[in-house]
Amino acid sequence: MRAALLLGLLALVMASSVEAQAPDTSAAPGTTASQSASQPRVEVPEPTPLALSYHRSGNILWVVNNVWGIAIPWLFVYAGFSARIRDWARGLGRKWFFVIALYFVAFAAITFLIDLPLSYYQGFVREHAYGLSNQTFAKWARDEVTALLIGTITGVLFLWVPYLLLARSPRRWWFYTGLLAIPFIVLVALVQPIWIDPLFNRFGPMRDAALEADILALAERAGIEGSRVFEVAKSEDTTAVNAYVAGFGSTKRIVLWDTIQSKLTHDQLLVVMGHEMGHYVLGHIWKLILILSALIMAALYVVHRASGWLMIRYRSRFGFTDLADVASLPLVLVLFSAASLVVTPLALAVQRDFEHEADRFGLEITRDNYAAATAFVTLQQENLAVPRPGPFYKWWRANHPLLGERIDFSNDYRPWERHEPLVYERYFKQR
Ligand SMILES: [Zn+2]
């Protein structure tokens, strides 16, 4: 849904989770390597036919979503529909700010309805068909409307900023907007865990006291104040398992889905938490915000350069000739989406690198290779993932290292057995 586009950008930042991802065919079995005496090597399981089907249809859906996300806004501008919404907003709003706000409310509502069948299929029907969802229709519908409202309110509050910059600085607006994206994303990251996420699921302290005590001890070793571990009741939505780091500054926290606690053992959960603590300690959220802002600026520059000749070429169809006219919003989205597709492999490669380092951090702080490798096997099976997908999936969709690679690394990474220095030892407090 495009109303949530501003928040959607943050999906990249907020995706710093342990989550397994669905991938492609070619399962190469785990090969030979040194084995610890006490811990057997964990083989990478072959993906099930169901997982392969989920993976392949997921790739098709990815293409459909991207084509859809460009085609629909293009139709809005090409058919002159966007200009008509602007005329309506001008008639009703009169003042500059209200014209932008009214335009956005109408645009968000209309595109929400257009997107609804696709959202319903992929968010509800498909997840149930693959046995990955527990969600009632009422909960799904409530979450959709909640997301629409949040996206609309965010747009009304902030969309005027780039349009003001477009009006005041037609040549440099993309640069200033890209700069302002930094405090904006920081603000969203700050409020998301306390104001937004609780609108979708209940958050609370951990219920398993023994596990919590061990997690707090681990957190203390990693230099994190322990009160920042939360449990979220995701079992009303999904059977998939996950944990993630969210927030910024005083709202930064580690969150465990309640589903993961029933599927993983105590030791596996500690390795997963070690991974999340790695994101936390290594400042990955902060670094991703900076990288994301740079990519947003680059995409806005593409919008800036390409929109000019499009507006001249199609001036009779578009019904606007100035990007500072709010009717340009769908055109901006078309060009922004196209540019994003090009930079996606770069953004994902950075994220995969952060995830790999978080895996290393988790292994170094727990030294539990077997728990790590078997946890990834469980993630693969529970989330219907494919362990060794093809290059398309890796470069355009995978924000985590491929599960096959993560299992191999978990088996093999043991510098402490060879008395070699650890990469992150300096972060660990002495026991
Ligand atoms: Zn992670």
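Start by selecting β2 and strand β4 (residues 253–257), which pair in the parallel sense over four bridges; bear in mind throughout the tour that this is a predicted model. With both strands shown as sticks, look for V229, which stands opposite I254 in β4, and then for V232, which stands opposite W257 in β4.

Next, add strand β1 (residues 203–204) to the selection and compare its direction with that of strand β2 (residues 229–232), since these two strands pair in the antiparallel sense over two bridges. Here the residue to pick out is G204, whose bridge partner in β2 is E231. If you now bring in β3 as well, the whole arrangement can be seen as an open sheet of four strands in the order β1-β2-β4-β3, with mixed pairing. The edge strands are β1 and β3 (243–246), each of which pairs on one side only. While the strands are displayed as sticks, it is useful to remember that in a regular strand the side chains alternate between the two faces of the sheet.

Keep the sheet in view and select α10, a helix that packs on the sheet and touches β2, β3 and β4; the direction of α10 makes about 150° with that of β4.

From α10 (266–281), extend the selection to α13 (329–366) and α14 (369–382), because the next stop is a cavity to whose lining each of these three helices supplies at least two residues. A search of the whole structure finds four cavities of 30 Å³ or more, and the one to visit here is the second largest, in which about 80 Å³ of space lies. To centre the view, select V271, H275, D359, A372 and F376, which lie nearest the centre of this cavity among the 11 residues that line it. Colouring the lining by class gives seven nonpolar residues, three polar and one charged.

Stay with α13 and add helix α4 (residues 96–129), whose axis comes within 11 Å of that of α13 and crosses it at roughly 60°. The two helices, α4 and α13, are therefore oblique to each other. For the contact itself, select Y103, F104 and F107 in α4, which meet L329, P330 and L333 in α13. By class, this contact of α4 with α13 has six nonpolar residues, with no polar and no charged ones.

For the last stop, move to the second largest pocket, which has a volume of about 260 Å³. Of the 12 residues that line this pocket, those to select are I150, T154, V191, W195 and I196, the closest to its centre. Showing α5 (137–158) and α7 (173–196) as ribbons puts these side chains in context, as these are the elements that give two or more residues to the lining. Coloured by class, the lining of the second largest pocket divides into 11 nonpolar residues, one polar and no charged.

Notes. Residues numbered from 1 in each chain as written. Predicted model: local features only at pLDDT ≥ 70, side-chain atom pairs only at ≥ 80, totals over all residues. Heavy atoms only, no water. 1 Å grid on protein atoms, 1.4 Å probe; cavity = no way out; pocket = protein on both sides within 12 Å on 5 of 7 lines; lining within 4 Å. Points joined across faces, edges and corners; volume = space filled by probe spheres on them. Nonpolar A, V, L, I, M, F, W, Y, C, P; charged D, E, K, R; others polar. Axes fitted to C-alpha atoms, helices over the stretch in contact; angles between N-to-C directions. Parallel < 35°, antiparallel > 145°, perpendicular 65-115°, else oblique. Contact = heavy atoms within 4.5 Å. Pairing = 2+ DSSP bridges.
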